[in-house]
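Student: I'm new to this one and would like a close look at a single part. Could you walk me through it slowly?

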Amino acid sequence: MSGKQQTNGNLALDQKRVIVIEATQRPEAQKLRVAAYCRVSSDSSDQMNSFTAQLNYYTALIASKENWLLTDIYADAGISGTSAKKRPDFQRLLADCRKGQVDKILVKSISRFARNAADSLEAIRELKAIGVGVYFEEQNIDTSTMTGELLTAMFSAIAQKESESISGNMRWSYQQRMQKGTYIPPTLPYGYVLRNGAIAIDEPRADVIRRIFSEYLAGRSTEMIAAGLTADNVPCRYGGSNWSSTSIRYLISNEKYTGNSLWQKYYTTDTLPYRHPLNKGEKQSYYAENTHPAIIPQEDFDTAQMLLAQRREKIAPVQGIPYPLRKKIRCANCGALFRRKVVRGIVYWACMGHDSRGNNYCETVQIAESEINAAFLRVYHKLRLHGEPILKQMISDLQTVRERRMLWSQEIIDLNKKISDLSDQDRMLADMNKCGLVDPDIFISQSNALAQQLRAAKQEKARLLDSKSDDTLPRTRELLETLSVLPEFLPEFDGEIFADLVEGITADDRCILRFRMKNGLELAETIDRRTR
């Protein structure tokens, strides 16, 4: 047999006979699960009409497509678009996508989806990674393709610039009103309310302000005043009755209680993410007289400012309050408290275990008070300048932990089911109303009843979650609120601010001080061994 014939024979032997078995059942075409996201940026009647029109439009559009299945229509109304975290239905949409309930999202335009380029791209990339495409109608962009994502980056940047432009226009209008003396701030001081477009006195809270000034001018410290208000269960600005000396000082130093206004003490940065630093001359400020009714006479306010300045010069609080560091410092080695002592005119804080039982018992030696104060100032400035995102993330993590801890609670499971059922009933009622299957009066009555039941169920869930959590979360919120009213720069140690922020200090023989904040957060600072 020739070589060619042998080769052909081997190929024939290598070939296998394959029989194709036809499928007996053909799978039905999988329908695309489509959701829509709508948003309007104000709650005016025109915008709300636009909001309703978007809902109707997307309901009809998705229903008209034979291979599309309406998943849900997610809508945020009357909420600013500069941050995705402020839009609850946007977050619900992302959560449903992560659960695999959505294949495609329809949005009118990029500016309706997000005005912050970072938020927009972060969401789009996450959705694309789990197989969810976003289609922007005005720009004709589908993020299912790479080209779509690149274009989205460009349009998101444009949308962000639009948002910055709108914000800049608003700031310009604010400045015009400040120059004319007609500006009304969005948040009024404790003791004032807005009535018929004008600032008016809220008498019950104004009496609290008068009490604070009266007691302070009588010689009581801000700590004593705060303790008295807390003991009397006087409500704070945002509810609760846990007053602090810092909040008292903030109220005492607020010139608006004299009926005059100093505007733009803080200013807003020009670009996202917006920050609100203290105005140290970077921007113009405006002082206007008689902008609203006074609660405190000018002479009493001036006297209070003089007292504040005098007391800032003293390290220890007045009226017999102990030194700020007293019972605050504990030894990491032996667990003993530190006590104050003066050696050759220098103030030290020494471990009582070391002082009373010697170096063999505890090696932690004394620390100069000036070094402790300097370490606190370093901690303060780090916390004041960089602590806000850390504390906000801590709050978010604590909320997540709390919700996970409650996930398998039978009470929460039942309430979640009730909330889901009520939401389904409300959605079904709305669909029936759009189709003209429900009498308008019945629709309004049933819709109001469902809304009331849904609100009650959510409130009960929130109450249960709050009742079963420790106090770390509220204490972290309090710490964040306290920081927000403190000065950005603290030139010297302040005993009252220290007491408001710090729960205690742990010192060891390695020259490290660990400051434990009021919410349990610990911040370490190294001190100079030569001062010990």
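Student: At roughly what angle do the axes of helix H8 (residues 222-231) and helix H9 (residues 245-252) cross?

Tutor: First, a word on what we're looking at. This is a predicted model, where local features need pLDDT of at least 70, side-chain atom pairs count only at pLDDT 80 or more, and totals for chains, interfaces and linings use all residues. Residues are numbered from 1 along each chain as its sequence is written, and side-chain values use heavy atoms, with hydrogens and water left out.

Now to your angle. The axes of H8 and H9 cross at roughly 105° and come within 8 Å. Axes here are lines fitted to C-alpha atoms, for helices over the stretch in contact, with angles running from 0 to 180 degrees between N-to-C directions. Helices are DSSP runs (H or I, at least four residues), as are strands (E, at least two), and both are numbered from the N terminus. That crossing makes H8 roughly perpendicular to H9; the label covers 65 to 115 degrees, while under 35 is roughly parallel, over 145 roughly antiparallel and the rest oblique.

So who touches whom? On the H8 side you'll find Thr 222, Glu 223, Ile 225, Ala 226 and Leu 229, which meet Ser 245, Ile 248, Arg 249 and Ile 252 of H9. Contact means heavy atoms within 4.5 Å. Sorted by class, this contact has five nonpolar, two polar and two charged residues. Ala, Val, Leu, Ile, Met, Phe, Trp, Tyr, Cys and Pro count as nonpolar, Asp, Glu, Lys and Arg as charged, and the others, Gly among them, as polar.

Keep following the chain past H9. Tyr 257 lies in the loop between H9 and strand S8 (261-263), and Tyr 192 lies in strand S6 (residues 192-195), so their ring pair ties together parts that are 65 residues apart in sequence. The ring centres of Tyr 192 and Tyr 257 are 6.1 Å apart and the planes are at 15°, so this pair is stacked. Rings of Phe, Tyr and Trp (its six-membered ring) pair if their centres lie within 6.5 Å; planes under 30 degrees apart count as stacked, over 60 as edge-to-face and the rest as tilted.

Are these two tyrosines buried or exposed? Tyr 192 counts as buried, at 6% relative accessibility, and Tyr 257 is buried too, at 0%. Buried means under 20% relative accessible area, exposed over 50%, and partly exposed in between (1.4 Å probe, protein chains only). Across the whole structure, a search finds eleven aromatic pairs.
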